[in-house]
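Work through the exercises below with the sequence and the structure side by side, and try each task before reading its solution.

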Amino acid sequence: MDRELHGRLDELQRDPYPLYTRARQTEGLTHVAELDAWLIARDADVREVLRRPEDFSSAVALRPDVLPSPAALAVLGGGFGGRPVVVTADGAEHQRLRAPVVRGLSPARVTAVLPYAAERAAALVDTFAEDGHVELMSAYARRLPGEVIGRIVGLDPADVPGVVHGGHRAEELLFRPLEEAEQVAAAQDVVAMQHTLDRYVRERYDQPREDLCSELVASVAEGPLTLDHRHQLVADLQNLLIAGHLTTTALIGTTVLHLLRHPRQWELLCAEPERIPAAIEEAARYDTALQGFRRITTRPVVLAGTELPAGATLFVAFGAANRDERRHPHADTFDITRSPAARHLAFGLGVHGCPGSQLAREQLRLTLEELTRRLPGLRLAADRPVTMRPTMIHRSPYALHLTW
């Protein structure tokens, strides 16, 4: 992708909503050069695609925006993974890969981890509560989700920061234009994370524990643990961990951002904390962390009156569907009192619906309970404007400077 196109893609990703509005108002589908895909922007069309996985394959769901350089690819060759994961699989293979993840993030397991999550949320707020100011992304939002999903997987707390860092670097490597030296450095961080995860795979194979890593190992390696098993398990763990912390990190950032951009709604939430669940749903709808995934047609299809050949790439925009006036009246208005709240698509739908949605919601609930109770005077720092990260995968502020 050339520099000019990258510039246009950055601009689109920092604020995709004007494009979404135009696409919803245009008859048929809109092809977007910056995304190299047909944009699916209406709620009804997004739901149709998600309900027809046999016609709209997930094989390209994680297709990178940027192809790493040969030097970075050479570094990645020394790591693990590179196998199909649940997000990019279809049919029976998807069901096989998804089953242990769904079990691992079951309501019972989420309930079991909540006391730990509450303890860590409070402890993280303790680190800045007396300071009068904080950069929330680095001090809190990038820490809590990694610690919680790490606990479920079975990681030693000492290994969590490196694994979280490797996840962020994997996203940068695939979705941001980096100079070659920085690509190589990012690839080295990703490979370091993969070797850490491979160590856990081997340890849990030899000595299983009551954790999700052990369950995944048992589901894949029924006999001897082969090198291929190790590659598959590292791919699964990497996908699970990245999905488990990056999305929730982004949701925490955008939820707090929009509540504080609407001070009366923040004050209402502080006065009436029973509104926290509704506030979470509205924030997820209004500025969806996972803006969308790509799909590819498996045969010629007609969608929204547009004829698509086999092999056509789509960008299925959850974030656009969540601003569709036909489902969400006054969709461009952030309103935590919205009633009745229509079902949004922030966590997907159908066979690829997010299995970690309950865990994400619970961490957001704990976060808002802590902040509204302990720091009701929170406000955005007037001298530190907020810049959104240019990405469709985990939309969030680069930094969120707050004062009280």
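**Exercise 1.** In this predicted model, which backbone oxygen does the side chain of Arg338 reach at 2.6 Å? Then place Arg338 in the fold and decide whether it is buried or exposed.

*Solution.* Begin with the location: Arg338 is found in the loop that runs between helix H15 (318-321) and helix H16 (357-374). The side chain of Arg338 reaches the backbone oxygen of Pro329 at 2.6 Å, and a polar atom of that side chain also lies 3.1 Å from the backbone oxygen of His330. Next, widen the view to contacts beyond four places in sequence, which include Glu282, Arg285, His328 and Thr333. Finally, the relative accessible area of Arg338 is 17%, and because buried means under 20%, Arg338 counts as buried.

**Exercise 2.** Describe the second largest pocket by its volume, its lining and the helix that gives the most to that lining.

*Solution.* The space in the second largest pocket comes to about 320 Å³. Its lining consists of 20 residues, and those nearest the centre are Glu281, Ala342, Arg343, His344 and Arg361. Sorted by class, the lining holds 8 nonpolar, 4 polar and 8 charged residues. Helix H14 (residues 276-286) gives the most to this lining, namely 4 residues.

**Exercise 3.** How many of the 35 residues of H12 are buried, and what span does helix H12 reach?

*Solution.* Helix H12 covers residues 227-261 and reaches 50 Å from its first C-alpha to its last, close to the 51 Å expected at 1.5 Å a residue. Of its 35 residues, 30 are buried, so H12 is largely enclosed by the rest of the structure.

Definitions and conventions: Residues are numbered from 1 along each chain as its sequence is written. This is a predicted model: local features need pLDDT of at least 70, side-chain atom pairs count only at pLDDT 80 or more; totals for chains, interfaces and linings use all residues. Side-chain values use heavy atoms; hydrogens and water are left out. Helices (H or I, at least four residues) and strands (E, at least two) are DSSP runs, numbered from the N terminus. Buried means under 20% relative accessible area, exposed over 50%, partly exposed in between (1.4 Å probe, protein chains only). A polar contact is a pair of N or O atoms within 3.5 Å; within protein, one must be able to donate a hydrogen and the other to accept it, and residues adjacent in sequence count only if both atoms are side-chain atoms. Contact means heavy atoms within 4.5 Å. On a 1 Å grid over the protein atoms alone, a cavity is a set of points where a 1.4 Å probe fits but cannot get out, and a pocket is an open set with protein on both sides within 12 Å along at least five of seven lines; lining residues have an atom within 4 Å of a point. Grid points are joined across faces, edges and corners, and a volume is the space filled by probe spheres set on the points. Ala, Val, Leu, Ile, Met, Phe, Trp, Tyr, Cys and Pro count as nonpolar, Asp, Glu, Lys and Arg as charged, and the others, Gly among them, as polar. The expected span of a helix is 1.5 Å times one less than its number of residues.
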